[in-house]
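Student: I would like a close look at a single part of this structure, set against the chain as a whole. Could you take me through it step by step?

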Amino acid sequence: MLKSSLDKYFLSFRGHMAAVAATMLLSLTLSAGAQDNSTANELFNYPDTLLNGIVSAQFSKPMEECRKLCEARSGCQGFDHSQKDECRLFASVGAGRVSVGSTAETRSLLSNYTDPTNPPLAARLAKLKETDTDGHELFALSKEAFKRGDRSVGLQAINLAMQRGNQDAKLEMAKWYDPRTFAPDRVDAIDSNKAARSYFELALEGNAQANNLLSSLCLDASDTGSNHANAYENFLRTTYCEGSISP
């Protein structure tokens, strides 16, 4: 009797786990598909360029209309547009060639050709790792990456900017953890201590905005009627909120 019950239990458990695994696999597949579609819809811009490849349509259209037609067609792998308003849509793209005054845009990067004016975010990050010593461009890339939904590049870029001493990047991340300006799409949880520590360190470096934010954070934490009272339960008030940073 006991063995029969156990057998039924394990069969039920295995069935449940199989269903969970299938759901997770479907979720991952859909997520990957969404990322692929996002990448596929991005057009890389090549000024002073015409394309070689299989032309699927050709007509006289202004530049913006030419681009919209290509964006709307899933089979359009790119287009080029001449100074005479000649628009060509491509079913496949082989290569690019220089043509001053023309413009080409493609869904995939052109091989053995100059970089587009809007290279992929990951490629820009790799380049800035080598060239951006003060983190200014990395911070700008981080903001653009988050705006375009690329959290991975966004976090890598802002962390590198902080490591290279960029105060704006450090202040921005501190705000993400601040209960008053919490950013759930950027960080996993509110952390008043992380926010206060960054404000404190920046204030010591002479950052006036950080000093003001730390002061207001400490005031809010001392207010029992604050809307964020629960977020301050483990806040180290005695570490960051006593005394004055100003001379």
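Tutor: A residue counts as buried when its relative accessible area is under 20%, as exposed when that area is over 50%, and as partly exposed in between. The model in front of you is a predicted one, and on that scale Leu109, with a relative accessible area of 43%, is partly exposed because its value lies between the two cut-offs. Leu109 sits in the loop between strand 3 (86-106) and helix 3, where, leaving out residues up to four places away in sequence, it touches Phe44, Tyr46, Pro116 and Pro120. The last of these, Pro120, is eleven residues along the chain from Leu109, and the C-alpha atoms of the two are separated by 8.9 Å.

The setting of this loop can be read from the order of elements, which from the N terminus runs α-β-α-β-β-α-α-α-α-α-α-α, for a total of nine helices and three strands. Of the 247 residues in the protein chain, 34% count as buried, and among contacts between residues at least 6 apart in sequence, 60% join residues at least 24 apart.

Beyond the loop, the largest nonpolar core holds 34 residues, and Leu125, Leu138, Leu141, Trp176, Tyr199 and Phe235 are those with the most contacts inside it. At least two residues of this core come from each of helix 3 (121-131), helix 4, helix 5, helix 6 (167-177), helix 7 (192-204) and helix 8 (208-222). Apart from this core lies another, of nine residues, with Leu43, Cys70, Cys76 and Cys87 among them.

Leu141 has contacts with Leu121, Arg124, Leu125, Leu128, Val153 and Ala157, its neighbours within four places in sequence being left aside. Leu141 also belongs to the packing of helix 4 against helix 5, in which Leu138, Phe139, Leu141, Ser142, Ala145 and Phe146 of helix 4 meet Arg151, Val153, Gly154, Leu155, Ala157, Ile158, Leu160 and Ala161 of helix 5. By character, the residues of this contact divide into eleven nonpolar, two polar and one charged.

As for geometry, helix 4 (residues 136-147) and helix 5 (residues 151-163) pack at an angle of about 160 degrees with their axes 8 Å apart. Since angles over 145 degrees count as roughly antiparallel, helix 4 is therefore roughly antiparallel to helix 5, and the crossing of the two helices is left-handed.

Terms used: Residues numbered from 1 in each chain as written. Predicted model: local features only at pLDDT ≥ 70, side-chain atom pairs only at ≥ 80, totals over all residues. Heavy atoms only, no water. Axes fitted to C-alpha atoms, helices over the stretch in contact; angles between N-to-C directions. Helix = DSSP H or I, 4+ residues; strand = E, 2+ residues; numbered from the N terminus. Parallel < 35°, antiparallel > 145°, perpendicular 65-115°, else oblique. Left-handed = near helix turned anticlockwise from the far one by under 90°. Contact = heavy atoms within 4.5 Å. Nonpolar A, V, L, I, M, F, W, Y, C, P; charged D, E, K, R; others polar. Core = buried A, V, L, I, M, F, W, Y, C linked by side-chain atoms within 4.5 Å. Buried < 20%, exposed > 50% of the residue type's maximum accessible area, 1.4 Å probe, protein only.
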